[in-house]
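Trainee: I would like to practise reading strands, sheets and contacts in a model. Could we go through them one feature at a time?

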Amino acid sequence: MNDEFKPDHTFGFHTRAIHAGARPEPSTGARAIPIYQTSSYVFEDPESAAAYFNLQEYGNTYSRIMNPTVASLEERLSNLDGGIGAVAFASGMAAQSAALFTLLTPGDHMVASSALYGGTVTQLKHLSRKLAVDLTFVDPDDLSAWRKALTDQTKILYAETIGNPAGNILDIEAVAVIAKDAGIPLMVDNTFATPYLCRPIEWGADIVVYSVTKFLGGHGTSIGGAVVDSGEFDWSNGNFPIVADPSPAYHELEFHETFGGYGYLMKLRAETLRDLGGAMSPFNAFLFLQGLETLPLRMDRHVGNALAVAKWLGERDDVSAVRHPAMNPKYCALVAKYLPKGAGAVFCFDLEGGREAGQDFIRGTRLFSHLANVGDAKSLIIHPASTTHRQLNDEELAAAGIGPGTIRLSIGIEDADDLIWDLEQGFARIGTQQ
Amino acid sequence: MTDTTQYQDPEIIQRLLHSSRTVAIVGLSSNHLRASNFVGFYAARHGYKVIPVNPREEEVLGNKSYPSLSAVPEPVDVVDVFRAPAAVPGIAEEAVAVGAKALWLQFGVISFEGADIAVNGGLDVVMDRCFKIEHARYIGRMHVLGFNTDVVSARREVY
């Protein structure tokens, strides 16, 4: 066994996307990661069982709390992101709510970007009411707004690397400094960038959340989410007794004192996941692991195709705006700094001609799938004004950054020429009343 | 030098984990909620002989506690320290005197003065690292809880 310690070597991203979290299963030698489709695990003896439940030993107890297939995904994702670990959840929304639930208590305050995924905005408002936590939304591009929103009760700053759907790019390093000065963590939703395009922890973010459903899985097969922790935040700085003090939910264990940098993740798993129960299924984890193996290959093609389509759209007279972050002068410097490999593959463009033009356009395409998801190998299209935001009038749409003729695209990994051909059919359909 | 990473060499850490048998834990507490107790329990569970060194304790984890490293009546491989950094230089001198092979300083126990004393005495030094976590990373099962071991290997482990 002693021949394992070799000189240290730093493995590249492509290698780790395939190998991190995937040491061969020792009892069978299975090379693929087995799907451990089991609810529970047989203990070796009563002493081992006690040690697992006391968190004195790393072991499996029950698949609501941990599962070896899911653990492989957690290790791989945290490795790619430069974190110390991760906890996976049944969905991105479950991951995000659990991450917040673990560190917020009634009377706390939270500051969030106003340019977030609509489902996140709804969730934050809901959590705010149910947890009695004050919530302030700020323009994520305005650094002074972040600072001004802070109160003595503020416990977390929250934003997306690439805003959905407006394409705001977060100045992660600057907002992380604001959080650090306030002694609170910065939590970033990095779903649209993935660790291949941007690793927020390297820029000072403390907690990173994902909808694994999107580019990480990459094939639109499964719903899942994850929380990655940098392990760098000092939960014992006086602002977080909920993490640092003896926990009544775990026989008075002090998670930060006992587990150091791993304390938040231990609490997230051993208390929040245990009690709220939004566990990822092992089968979904297996599909996500398959997806992660090709993440860097797919992302290069996603961003290349997206930029080609965006540039083509930008040259058309019947398109009033293309909201691709790399084509927005406001964000060019931030894209160059945080997203040098590409600014993602989800963006909007605005058709002249309003709601009817948008609906006609959707009718005209046949390769783009008309649905409410993003980050699939397949290209996706949606007209927010007639679907996800159809209850809003034009004024309310404008406030949400969406025009009546806005189309959102999630560009897949097909041939770019075919995508452009398909969009041409959409333009040809406008005004035909078919 | 004020860089702890020079004392976090994965090769040295793995060699110590594999070659050591006796671990004296300085500051080992009998309170089973303290980090030192977690580490001592874990080390004993994984076959190391754990020797408590703590003048405030009679017995910890079933083993007699000694008031100081010098009072330990048998050879020690690793001296694992859960004490304030200011106490480390004195402990390092004792570690050299008793012929220990390594001085291991836990999370937050950062003392370059202590490290220099140990290195000059011929000891390996590990600093700002947890004995339990490093064992769990390379030999144990840290990965079952979704932690990033940073280990990449296509070899099949044989138990």
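Trainee: How many bridges join strand E5 of chain B to E6(B), and do the two run parallel or antiparallel?

Mentor: Strands of a sheet pair through backbone hydrogen bonds, either parallel or antiparallel. In this predicted model, strand E5 (residues 78-81) of chain B and E6(B) run parallel and are joined by four bridges, and within this pairing Asp80(B) stands opposite Trp104(B) in E6(B). The connection belongs to the picture too, since E5(B), helix H3 (residues 88-97) of chain B and E6(B) make a right-handed β-α-β unit.

Trainee: Which strand does E6(B) meet through three bridges?

Mentor: That is strand E7 (residues 124-126) of chain B, which runs parallel to E6(B), with Ala102(B) standing opposite Asp124(B) in E7(B). Between these two strands the chain passes through helix H4 (residues 112-120) of chain B, and this β-α-β crossover is again a right-handed one.

Trainee: Are the residues on the two faces of strand E6 of chain B buried or exposed?

Mentor: In E6(B), residues 102-105, both faces are covered: Ala102(B) and Trp104(B) on one side are buried, and so are Leu103(B) and Leu105(B) on the other.

Trainee: In what order do the five strands of this open sheet of chain B lie?

Mentor: The order is E2-E1-E5-E6-E7 (chain B), and the pairing is parallel. At the edges are strand E2 (49-53) and E7 of chain B, each of which pairs on one side only. Leaving direction aside, neighbouring strands of this sheet are turned by 20 degrees against each other on average. Helix H1(B) packs on the sheet, where it touches E5, E6 and E7 of chain B, and its direction makes about 105 degrees with that of E7(B).

Trainee: What is the order of the five strands in the open sheet of chain A?

Mentor: There the order is E8-E9-E12-E11-E10 (chain A), and the pairing is mixed. Strand E8 (319-323) and strand E10 (369-370) of chain A stand at the edges with a single partner strand each, so one side of each has no neighbour in the sheet. E10(A) and strand E11 (residues 380-382) of chain A run parallel and are joined by two bridges, with His370(A) opposite Ile381(A) in E11(A).

Trainee: Which helices should I look for against this sheet?

Mentor: Helix H13 (residues 295-314) of chain A packs on the sheet, touching E8, strand E9 (346-351) and strand E12 (406-410) of chain A, and its direction makes about 155 degrees with that of E8(A). Helix H15 (residues 354-364) of chain A lies across E9, E10, E11 and E12 of chain A and runs at about 125 degrees to E9(A).

Trainee: How many residues of E9(A) are buried, and which lie on each side?

Mentor: Six of its six residues are buried, with Val346(A), Cys348(A) and Asp350(A) on one side and Phe347(A), Phe349(A) and Leu351(A) on the other. As for its partners, E8(A) and E9(A) run antiparallel and are joined by four bridges, in which Arg323(A) has Cys348(A) as its bridge partner. E9(A) also pairs with E12(A) in the antiparallel sense, over five bridges, and there the bridge partner of Phe347(A) is Leu409(A).

Trainee: Where do the domains of chain A begin and end, and how far apart are their C-alpha centres?

Mentor: The domain assignment of chain A gives domain 1 as 39-291 and domain 2 as 295-429, and their C-alpha centres lie 29 Å apart. Their contact takes 24 residues from domain 1 of chain A and 30 residues from domain 2 of chain A. On the domain 1 side, helix H8 (residues 194-197) of chain A gives the most, with three residues, and by class that side has 14 nonpolar, eight polar and two charged residues.

Trainee: How many residues does each chain bring to the contact between chain B and chain A?

Mentor: The size of an interface is often given as the accessible area lost when the parts come together. Counted by residues, this contact takes 32 from chain B and 43 from chain A. Helix H1 (10-19) and helix H2 (35-45) of chain B each supply at least two residues of the side of chain B that touches chain A, and the residues of that side divide into 17 nonpolar, eight polar and seven charged.

Note on methods
Residues numbered from 1 in each chain as written. Chains lettered and ligands numbered in written order. Predicted model: local features only at pLDDT ≥ 70, side-chain atom pairs only at ≥ 80, totals over all residues. Buried ≥ 20, exposed ≤ 12 C-beta atoms within 10 Å, placed from the backbone. Pairing = 2+ DSSP bridges. Right-handed = clockwise from strand over helix to strand, strands pointing away. Contact = placed C-beta atoms within 7 Å. Axes fitted to C-alpha atoms, helices over the stretch in contact; angles between N-to-C directions. Nonpolar A, V, L, I, M, F, W, Y, C, P; charged D, E, K, R; others polar. Domains from an automatic or database assignment.
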